[in-house]
Amino acid sequence: GGGMGAGARGAPPRVDVQGGVPVLRPTMADMRAPFEEYIERAEPWLRESGIAKIVPPREWSPRRGGYEGLQCTIPCPIRQHATGGRGVFRSMLIECKPLRLRGEAGGAAGFRELALKQDRERPAGASPDELERRFWKNVTYSPPMYGADVEASVSDEHCLGWSVPGLNTMLTRTLREKGGARGAGVVSPYLYFGMWRSFFAWHTEDMDLYSMNMLHFGAPKTWYCVPPEHRQRFEDMAKSLAPDLFQSCSEFLRHKELLIAPNILRKHGIKFVTFQQGAREWVINYPGAYHAGFNHGYNCAESTNFATKEWIPIGLKAKHCQCRRDTVRIDMKLFTEDNPRSSGGESDSSSDTDSVSASGGAHQVGDSMKEPQKKRGSPRKNEHGCPELAKRGSKREANKVEIPRKKRTPRRSRALGAT
């Protein structure tokens with residue numbers, strides 16, 4: 001291919017594969033061109049691995065002013081309880097009171113102070129392998145807190161190069177042009193504030209969309225991803241490990257509650273890749289690729305969903321969880337009716353009137369991974385403007401934790417959801 005960097009549309013990106021993970025190194029020229037165009041050039045690698053890391057050039061800065069003194073409110077921090085054993089766990093997320101990111105001098109501690117205190121439990125100078133061993137050994141102990149799903153951005157909207165709120169891919173464009181007002185907020189970014197041992201359980205995105213995650217600052221994240229071609233084998237394994245959970249919902253993985261340790265994947269011959277994401281690095285999750293991970297300490301990531309043409313046939317086949325009121329559905333007719341390059345097919349989305357709907361009212365698609373995080377079960381808000389879950393009725397009561405070895409009913413909580 002001729003031309004320079006992004007100028008040569010279709011020229012392969014600079015990539016080296018490390019441990020099965022494509023590491024993409026865009027130039028500033030690449031980053032001044034559309035994000036979607038770059039992702040399309042990287043799709044041969046993404047399709048195979050299910051995930052990629054993007055290491056931007058040193059000149060690129062997501063926030064010129066830096067992060068000193070950054071302050072915001074985390075409306076619904078979640079305490080991440082986990083039950084189970086032998087490498088298979090179910091998480092139970094308990095909503096906590098709103099927290100400021102930074103505490104006031106002499107006043108109550110903020111999330112940052114709680115996180116830095118928790119980080120002191122992490123062994124100093126430990127290797128990523130040692131931290132991984134400790135994480136999986138201690139999943140059920142002293143539950144960490146995760147400042148997940150904060151609907152906000154700390155990126156400069158007009159930074160030089162890509163900006164998370166301004167990725168402007170086929171998803172945002174189509175919903176803006178055809179989707180009416182309710183589609184508009186669907187791909188707004190979310191912030192995630194982590195601490196040592198906070199995690200996100202195995203999942204694919206709503207509607208099996210693409211997602212990106214950019215670590216603004218702080219400790220790394222460890223990621224796991226199962227390549228798309230192993231998707232069915234991964235799902236079969238999950239069902240065999242926790243059959244009772246899938247009996248109550250065949251799409252139980254969409255609850256983002258199941259943690260499965262890497263040694264279990266190895267034992268079942270499931271192919272996966274793992275790597276660390278450091279500050280300023282992006283992670284791209286390919287449509288329908290299962291991913292999970294955990295944080296090494298206090299950090300802040302920004303994440304959103306997006307799409308390229310390659311997502312359309314995958315989105316058409318995406319399944320939905322029926323037992324949650326906040327399941328996101330996108331009317332796929334928006335993408336197939338006058339899109340000659342899509343592979344067509346029948347949309348299984350029941351929404352005709354709205355481009356994006358959730359049975360309980362409009363809901364952010366951006367709520368992924370995004371790093372996945374938790375969804376709440378009812379659009380009712382409490383006095384903090386934070387959705388509350390209705391009390392679990394007898395129908396859901398069937399969802400007892402039935403996992404190898406330890407059988408334990410999860411303690412009741414106001415909120416259960418995906419991590």
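This passage describes the sheet, the helices packed on it, a buried histidine and the salt bridges of a predicted model. Local features were required to have pLDDT of at least 70 and side-chain atom pairs pLDDT 80 or more, whereas totals for chains, interfaces and linings use all residues. Residues are numbered from 1 along each chain as its sequence is written, and side-chain values use heavy atoms, with hydrogens and water left out.

Secondary structure was taken as DSSP runs numbered from the N terminus (helices: H or I, at least four residues; strands: E, at least two), and two strands were considered paired if DSSP finds at least two bridges between them. Under these criteria, eleven strands form an open sheet of mixed pairing, in the order 1-2-3-15-11-17-9-8-5-6-13. The edges are occupied by strand 1 (15-18) and strand 13 (258-260); each has a single partner strand, so one side of each is left without a neighbour in the sheet. From one strand to the next, the twist averages 30°; axes are lines fitted to C-alpha atoms, for helices over the stretch in contact, and angles run from 0 to 180 degrees between N-to-C directions. Within the sheet, strand 11 (residues 210-218) pairs with strand 17 (residues 299-306) in the antiparallel sense over eight bridges. Gly 218 has Asn 299 of strand 17 as its bridge partner.

Contact was defined as heavy atoms within 4.5 Å. Helix 2 (residues 35-49) lies across strands 1, 2 (21-24), 3 (51-54), 11, 15 (282-285) and 17, and runs at about 135° to strand 3. Helix 7 (residues 231-241) also packs on the sheet, where strand 6 (88-95) and strand 13 are touched; the direction of helix 7 makes about 105° with that of strand 13.

Strand 11 contains His 216. This residue is buried, with a relative accessible area of 3% (buried means under 20% relative accessible area, exposed over 50%, partly exposed in between; 1.4 Å probe, protein chains only). The side chain of His 216 makes polar contacts with the side chain of Tyr 67 at 2.7 Å and with that of Glu 302 at 2.7 Å. A polar contact denotes a pair of N or O atoms within 3.5 Å; within protein, one must be able to donate a hydrogen and the other to accept it, and residues adjacent in sequence count only if both atoms are side-chain atoms. When residues up to four places away in sequence are not counted, the residues touched by His 216 include Pro 62, Val 154, Ser 155, Arg 280 and Cys 300.

A salt bridge was assigned when a side-chain nitrogen of Lys or Arg is within 4 Å of a carboxyl oxygen of Asp or Glu. The count by this rule is 16 salt bridges. One of them joins Arg 41 and Asp 30 (3.5 Å, N to O). This pair links helix 2, which holds Arg 41, to helix 1 (residues 28-32), which holds Asp 30, the two being eleven residues apart. Both Arg 41 and Asp 30 are buried. Glu 40 and Lys 309 also meet in a salt bridge (3.5 Å, N to O). Here, Glu 40 in helix 2 is linked to Lys 309 in the loop between strand 17 and helix 10 (311-317), 269 residues apart. Lys 309 is partly exposed, at 28% relative accessibility.

A further salt bridge connects Arg 133 and Glu 130 (3.2 Å, N to O). Both residues lie in helix 4 (residues 128-137), three residues apart, about one turn of the helix. Arg 133 is partly exposed at 46% relative accessibility, and Glu 130 is partly exposed at 22%. Salt bridges with shared partners also join Asp 208, Arg 231, Glu 235, Glu 251 and Arg 254 into one network.
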